[in-house]
Amino acid sequence: EARARALVKALEGAKKVSARMPEGGMFVMVDVRKTGLSGEAFAWKLLEEEQVVTMPGESFGQGGAGHLRIALTVDVEQIAEASKRIARLAERV
């Protein structure tokens, strides 16, 4: 829960990406549709430019389109840093 809260809080001020607390589980879905990129395109750009690994929402069907799935498997500090990088990339594209 602390990791999910850190991610959601870090993205609160972002204009082009958003996330909300999951109801459970080890993942948070981040909405990247305002960037104009698909989840897959954003995920590849995020890996190449910001060295953050995510799973495109399209991998989980049409309902996940335009999203990234973020695993909450690293410590809070790493999640907070990854969130900053996600927001930074979103502002650039």
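These legends walk through several close-up views of one predicted model. Residues are numbered from 1 along each chain as its sequence is written. Because the model is predicted, local features need pLDDT of at least 70 and side-chain atom pairs count only at pLDDT 80 or more, while totals for chains, interfaces and linings use all residues; side-chain values use heavy atoms, with hydrogens and water left out.

**Figure 1. The whole chain holds three helices and four strands.** Helices (H or I, at least four residues) and strands (E, at least two) are DSSP runs, numbered from the N terminus. Follow the sequence from start to end and you will meet the pattern α-β-β-α-β-β-α. The radius of gyration is 12 Å, close to the 12 Å that the globule rule gives for 93 residues, so the chain is as compact as a globular protein of that length. Here the radius of gyration is taken over C-alpha atoms, and the globule rule is 2.2 Å times the number of residues to the power 0.38. Along the principal axes, the C-alpha atoms fill a box of roughly 30 × 25 × 20 Å. Contact means heavy atoms within 4.5 Å. Among contacts between residues at least 6 apart in sequence, 56% join residues at least 24 apart.

**Figure 2. Confidence along the chain averages a pLDDT of 96.** The term pLDDT stands for the predictor's confidence in each residue, from 0 to 100. A score of at least 70 is reached by 100% of the residues. Helix 1 (residues 2–10) has the lowest confidence, at a mean of 94, and helix 2 (residues 39–50) has the highest, at 98.

**Figure 3. The largest nonpolar core has 22 residues.** A nonpolar core is a set of buried Ala, Val, Leu, Ile, Met, Phe, Trp, Tyr and Cys residues joined through side-chain atoms within 4.5 Å. Buried means under 20% relative accessible area, exposed over 50%, and partly exposed in between (1.4 Å probe, protein chains only). Of the 93 residues of the chain, 37% count as buried. In soluble globular proteins, nonpolar side chains tend to be buried together. Look for L7, V30, F42 and L68, the residues with the most contacts inside the core. Helix 1, strand 2 (27–31), helix 2, strand 4 (67–71) and helix 3 each give two or more residues to this core. Helix 3 supplies the largest share, six residues. Which residues is V30 in contact with, leaving aside its neighbours within four places in sequence? They are L7, L11, V17, S18, A19, G66, H67, L68, I70 and I86.

**Figure 4. T35 sits in the loop between strand 2 and helix 2.** Is T35 buried or exposed? T35 is buried, with a relative accessible area of 10%. The side chain of T35 reaches the backbone oxygen of V32 at 2.6 Å. Leaving aside neighbours within four places in sequence, T35 is in contact with K16, V17, F42, A90 and V93.

**Figure 5. D31 and R33 form a salt bridge.** A salt bridge is a side-chain nitrogen of Lys or Arg within 4 Å of a carboxyl oxygen of Asp or Glu. How many salt bridges does the structure hold? There are seven. In the D31 and R33 pair, the closest N and O atoms are 2.6 Å apart. D31 counts as buried, at 17% relative accessibility, whereas R33 is exposed, with a relative accessible area of 52%.

**Figure 6. K45, E49, E50, R88 and R92 are linked in a network of salt bridges.** Start with E49 and K45, whose closest N and O atoms are 2.9 Å apart. Because these two are four residues apart in helix 2, E49 and K45 are separated by about one helical turn. E49 is partly exposed, at 35% relative accessible area, and K45 counts as partly exposed too, at 27%. Next, find the salt bridge where the side chains of R88 and E50 meet (2.5 Å, N to O). This pair links distant parts of the chain, with R88 in helix 3 (residues 76–92) and E50 in helix 2, 38 residues apart. R88 is partly exposed, with a relative accessible area of 42%, while E50 is buried, at 5%. Leaving aside neighbours within four places in sequence, E50 is in contact with K45, R85, R88, L89 and R92.

Terms used
Polar contact = N/O pair within 3.5 Å; in protein donor to acceptor, adjacent residues only side chain to side chain.
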